[in-house]
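Here is a short set of exercises with worked solutions, to be read with the structure open beside you. Try each task before you go on to its solution.

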Amino acid sequence: MNISRKLLLEKKWAFILIFFILLFNPCFFFWAENVNIKDKCMTWVTCLVVGLALSCIDLFLKKRGEKLYLSILFILSIVPNIIVWSYLFISRLYMKRDMYWVIFTSHTGESTEFLREFISWELLVAGFSYLLLGLFFLLKARSVNSISPKKYGALLILSIAIVLTSMFLQYLSQAIPTFELYKSRILFWKENLVFQQEKELRKNLKMEVQCLLPDSTQHVVVVLLGESTTACHMSLYGYPRETTPFMDSLKDELDVYTDVITPDTHTFGVMQKVLTFADNEHPEYFRQKPSIVEMFNSAGFETYWISNKAFLTKWGGSYGIIAEESKHIYDLSSAKKTDEVVVPYLEKILNDSIRSNKIIFIHVMGNHHEYNCRYPNGFEYFDYKKRGDLEADFRNDHMKKTIDEYDNSIRYGDFVYHSILQKIKEKKGISSYFLFFSDHGEEVYDTRDARGHFMDNVYPCQCKIPFVLWRSEQYKKEVPEVAIDTTRPYSIEHVIFSLSTLCRLQYTDYDPEKSIFSPEYKVPEKRMVGKEDYDNEIVYKIKK
């Protein structure tokens, strides 16, 4: 095969643009803490091979055809490359498919908050530089010659085959953000199309459920789902700052579980397990078995969903579809108020005329970023400058201020949770219990220069969550068989069985060995957080 040196020189700016697009992120791999040497090498090899294939395709193009080809490649690369570089810069993690799906499931408000919180001059400079360099290379690419497809047909076919193979093979496509993001978007769209179709089909997922609670009393269950709340920043769990004064004062009335983790570090993944029979071993149960709401509907409960976090969107995916199965839905997120907004709705439900048993799910914004937007004026309690605390070698003033804001949001959350509990206590003549846990935790410069909840290189504070139970005296008399051992290791992926025990539900799939409140509970052999083993991997990271 004889391709002239003159043609190759003429095409040099096109080749430079192609390899600039493909190697932009691998050049910063020294930041990536979640990519091993083998995968880094494979990414470089993949990018080089695909770069050669795309360059070979360019050999067959000239003038307007080449300009259009290169323009499409560059335009398609802008968003994926800048997103992946930004995530790599912020978290020191290379973005993989699961993280793309988190982006797709985030509503506009969450995305706007994330941008406001993490945008920096470095990110702006990097994005602007990428655009300028790419445009420079694109404008310089001007070739008037090309090779003939008839003469070099085998090369064209081989090049196209290499590109297509790298697109469709997962291990190869994840090396190239331009392929992976758009491919993930298509798969996500197809998945959500299936979800919407299954929304009607789920109505046929019936189950026979028997509730053995005594009929003489009305029973009210309140399940509070927190957001981004880590036990690491709660004085209830030993944190040195007084972030939970109300719960601290009620500690004798509460069962505070000390070793509970989440099965994932993002709401999308957590809710698919928490609200259904799905777990890490059987994710397919999300579709194949009824949800927690359907289960309580079948048991004769009046079901309620109060949410201050948006979920009723076309991309509601996991928990949006399940929340909509409730008989009564209150989506308060559009008001964009702090979490106190849920309390009047709870009070209204507690005082309505419906006399059947009730289960009320409350999903709050909790401690989701931006932290300083999670509490109203008057809750700016913590100030590291006045207190002189938060000292650590790696913490600068910005980090300490962020911790102040997160701790303020925890303290405000404590006030809201106490307000909810007080409304339940005020309702006389019912048997009730209140269960509070968070979807996942949050790392806020606890042991390293990192903030947020990442899907790779997970540290303990990202998955250690509060798990707190309060039971009325009437409930304790009626359901004395509940086993309380607050030291039990547990993952909330099996919370559906624990709620079944508390409500004395009987059904075919009930497994008491997975219920933390059952005398038959068995500690799981492994507690997985995503793909990492919590007890054998994650807990040891802070000891290194």
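A disulfide is a pair of cysteine sulfur atoms within 2.5 Å. Keep in mind that this is a predicted model.

**Exercise 1. The disulfide**

Find which cysteines form a disulfide, and work out the handedness from the torsion about the S-S bond.

Solution.

Step 1: Apply the cut-off. The sulfur atoms of C232 and C461 are 2.3 Å apart, and these two residues form a disulfide. The structure holds one disulfide.

Step 2: Place both ends. C232 sits in the loop between β2 (218-226) and α11 (245-249), while C461 sits in the loop between β10 (451-452) and β11 (467-471), so the bond ties together parts that are 229 residues apart in sequence.

Step 3: Read the torsion. About the S-S bond of C232 and C461 it is about -105 degrees, so the disulfide is left-handed.

Step 4: Check the surroundings. Both C232 and C461 are buried.

**Exercise 2. Two cysteines to test**

Explain why C463 is too far from the closest cysteine sulfur for a bond, then find the nearest cysteine sulfur to that of C503.

Solution.

Step 1: Start with C463. The closest cysteine sulfur belongs to C232 and is 8.4 Å away, which is too far for a bond. Recall that the cut-off is 2.5 Å.

Step 2: Add its accessibility. C463 has 0% relative accessibility and therefore counts as buried.

Step 3: Turn to C503. Its nearest cysteine sulfur is that of C211, at 6.6 Å, and C503 is in no disulfide.

Step 4: Do the accessibility check again. C503, with 0% relative accessibility, counts as buried.

**Exercise 3. The setting of E443**

Describe where E443 lies, and find which side chains it meets through a polar contact and a salt bridge.

Solution.

Step 1: Locate the residue. E443 is part of strand β9 (residues 443-444).

Step 2: Judge burial. The threshold for buried is under 20% relative accessible area; E443 has 1%, so it is buried.

Step 3: Look for the polar contact. The side chains of E443 and Q462 are joined by one of 2.5 Å.

Step 4: Look for the salt bridge. The side chain of R448 meets that of E443 at 2.7 Å, N to O. R448 counts as buried too, at 14% relative accessibility.

Step 5: Widen the view. Once neighbours within four places in sequence are left aside, the contacts of E443 are R448, A450, R451, G452, Y459, C461 and Q462. Here you meet C461 again, one of the two cysteines in the disulfide.

**Exercise 4. Salt bridges**

How many salt bridges does the structure hold, and which residues are joined with R241 into one network?

Solution.

Step 1: Take the total. There are 22 salt bridges in the structure.

Step 2: Examine the pair D389 and R241. Their side chains meet in a salt bridge of 2.9 Å, N to O. D389 lies in the loop between α17 (384-387) and α18 (397-426), and R241 in the loop between β2 and α11, so this pair ties together parts that are 148 residues apart in sequence.

Step 3: Check R241 for burial. At 3% relative accessibility, R241 counts as buried.

Step 4: Examine another pair. K541 and E532 meet through their side chains in a salt bridge of 2.6 Å, N to O, and both residues are buried.

Step 5: Trace the network. R241, D389, D404 and D407 are joined into one by salt bridges that share partners.

**Exercise 5. Positive phi and a helix serine**

Find the phi values of S228 and Y445, then locate S71 and its polar partner.

Solution.

Step 1: Recall the background. Most residues other than glycine have a negative phi.

Step 2: Read S228. Its phi is near 60 degrees, a positive value. S228 lies in the loop between β2 and α11 and, at 0% relative accessibility, counts as buried.

Step 3: Read Y445. Its phi is near 50 degrees, also positive. Y445 is found in the loop between β9 and β10 and is buried, with a relative accessible area of 7%.

Step 4: Move to S71. This residue belongs to helix α4 (residues 63-91) and counts as buried at 18% relative accessibility. A polar atom of the S71 side chain lies 2.6 Å from the backbone oxygen of K67.

Definitions and conventions
Residues are numbered from 1 along each chain as its sequence is written. This is a predicted model: local features need pLDDT of at least 70, side-chain atom pairs count only at pLDDT 80 or more; totals for chains, interfaces and linings use all residues. Side-chain values use heavy atoms; hydrogens and water are left out. Helices (H or I, at least four residues) and strands (E, at least two) are DSSP runs, numbered from the N terminus. Buried means under 20% relative accessible area, exposed over 50%, partly exposed in between (1.4 Å probe, protein chains only). A polar contact is a pair of N or O atoms within 3.5 Å; within protein, one must be able to donate a hydrogen and the other to accept it, and residues adjacent in sequence count only if both atoms are side-chain atoms. Contact means heavy atoms within 4.5 Å. A salt bridge is a side-chain nitrogen of Lys or Arg within 4 Å of a carboxyl oxygen of Asp or Glu.
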